[in-house]
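Subject: Structure handover

Hello,

Here is the structure you asked for. Please look through it first, then read the notes below.

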Amino acid sequence: MSSGSHHVSRREFVTIVTGVIGSIMAALIALPGIGFILAPALKAKKSTGWVSLGPLENYPIGVPTLFNFTRTNINGWEKTSNSYGVYILRKSDTEIKALTNVCTHLGCRVTWDETQELYGCPCHTAFFDIEGLVTDGPPPKPLPQFETKIEEGNLSLYFEG
Amino acid sequence: MIEKVYVWLDERMGLKGLYDTILDRKIPKVNWWFTLGSASLIIFTIQGVTGMMLSVYYIPSPEFAYDSIQYIMNGATFGWLIRGIHHWGSSMMVVLVFIHMLRTFFMASYKYPREMTWLTGVFLLLFTVASSFTGYLLPWHQQAYWATVVGSELMGTIPVIGSFLSNVMRGGYDVSGVTLARFFSVHALWLPALLAAVIGVHLYLVIRHGISNIPGEQD
């Protein structure tokens, strides 16, 4: 525009002022708007916490046993319940291995196959051994474990939602 | 660098021509009343943007409409601001469009060759009022519900075809969830599309004919 000269013409001044005020007005709507849309993803989850799995005797030693539980999140104006499953393998009186039944590939549910002694995922023919390690198929990592504790003969696990 | 990008784009898109035609037009000596058309356009844009944001959370069903708006007002970040702008903006838009019409009337700007600009403007006023009316039902509280009962009863007083038109508006014999669904559809899809299209024609005509002079003693 004005080459070399520091003089700002009336026209340039009006253009700049209009641009600045217009940008401020646009930002006043746009910035809250971005927060408005992104905020639900930034809220802390409510479903994290200890989940009671009942008396320890319910879980036979040496056989993975499925326990289903639900956890609830508040999404907007509604409560959303999700079902989760955990395979409890009691190795001894007090040694517990709690594996999620959510396949690490793409989130389908694995089931314990007693004849093969493997966890099998039906979606993409994936297999995990009794320790949760991948033996076949596409999963990138072993089945994750839950932290567990035993209090007065009752088993519970720590769920991170 | 920016200069190069601009030249590249301008060569392919004719940006300078657009700028000169749309923003750098020659206009006669006018006053602040002549800014109301632009103000209407800007508030239409604001209503469009805030409306799109509200539709992210709003649910047009009798079960959830009220709750989803409660969430927008109390739960969602800046929801109160977005809805507040949309709420007050709707009244503002009706007022601005109406005063814009009065300006056009008193300045005699509707005369030859601008009759079609006036006519498209009439449709824009009607669409604006219709947007305001259909949007009023969406909160689905008592005030919204009874305003729509009254509005559709008014429609029903038209001789012969009134009750038929009223039932078309309601989507049945009562104000119901069907009414809410069709009011939402008209408010959020049909009217914005119609408004945008007719605004396009209206602006084309404004640019084609230029701004009319303020009438003098000889006119």
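Helix H9 of chain B bends by about 40° at Val186(B). Please keep in mind that this is a predicted model. The helix covers residues 177–209, which is 33 residues. At 1.5 Å a residue, H9(B) should span 48 Å, and the C-alpha atoms at its ends are 46 Å apart, so the two values agree. Just after H9(B) comes Gly210(B), with a positive phi of about 75°.

Which residues of H9(B) are buried? They are Thr179(B), Leu180(B), Phe183(B), Phe184(B), His187(B), Ala188(B), Leu191(B), Leu195(B), Ile199(B) and His202(B). When you read that list, it helps to know that an α-helix has 3.6 residues a turn, so residues three or four places apart point the same way. The buried residues of H9(B) pack against five helices of chain B: H3 (36–57), H4 (65–74), H6 (115–137), H7 (142–156) and H8 (162–170).

Now to chain A and its strands. An open sheet is formed there by four strands in the order S5-S6-S7-S8, with antiparallel pairing. Why is one side of S5 and of S8 left without a neighbour in the sheet? Strand S5 (111–113) and strand S8 (134–136) of chain A stand at the edges, and each has a single partner strand, so one side of each stays free of a neighbour. On average, neighbouring strands of this sheet are turned by 40° against each other, direction ignored. Within the sheet, S6 (residues 118–121) and S7 (residues 126–128) of chain A are paired antiparallel over three bridges. One bridge there pairs Cys121(A) with Ala126(A) in S7(A).

Strand S10 (residues 154–159) of chain A pairs with strand S1 (residues 49–55) of chain A, antiparallel and over six bridges. In that pairing, Gly49(A) is opposite Phe159(A) of S10(A). S10(A) is also joined to strand S9 (residues 147–151) of chain A, by five bridges, and these two run antiparallel. Lys149(A) has Ser156(A) in S10(A) as its bridge partner. S9(A) and S10(A) make a hairpin with two residues between them, and in the turn Glu152(A) has a positive phi of about 50°.

Last, the contact between the chains. How many residues does each chain give to it? Chain A gives nine residues and chain B gives 18 residues. On the side of chain A that touches chain B, six residues are nonpolar, three are polar and none is charged.

Regards

Terms used
Residues numbered from 1 in each chain as written. Chains lettered and ligands numbered in written order. Predicted model: local features only at pLDDT ≥ 70, side-chain atom pairs only at ≥ 80, totals over all residues. Pairing = 2+ DSSP bridges. Axes fitted to C-alpha atoms, helices over the stretch in contact; angles between N-to-C directions. Contact = placed C-beta atoms within 7 Å. Nonpolar A, V, L, I, M, F, W, Y, C, P; charged D, E, K, R; others polar. Expected span 1.5 Å × (residues − 1). Bend = angle between axes of the 7 residues up to and from the residue. Buried ≥ 20, exposed ≤ 12 C-beta atoms within 10 Å, placed from the backbone.
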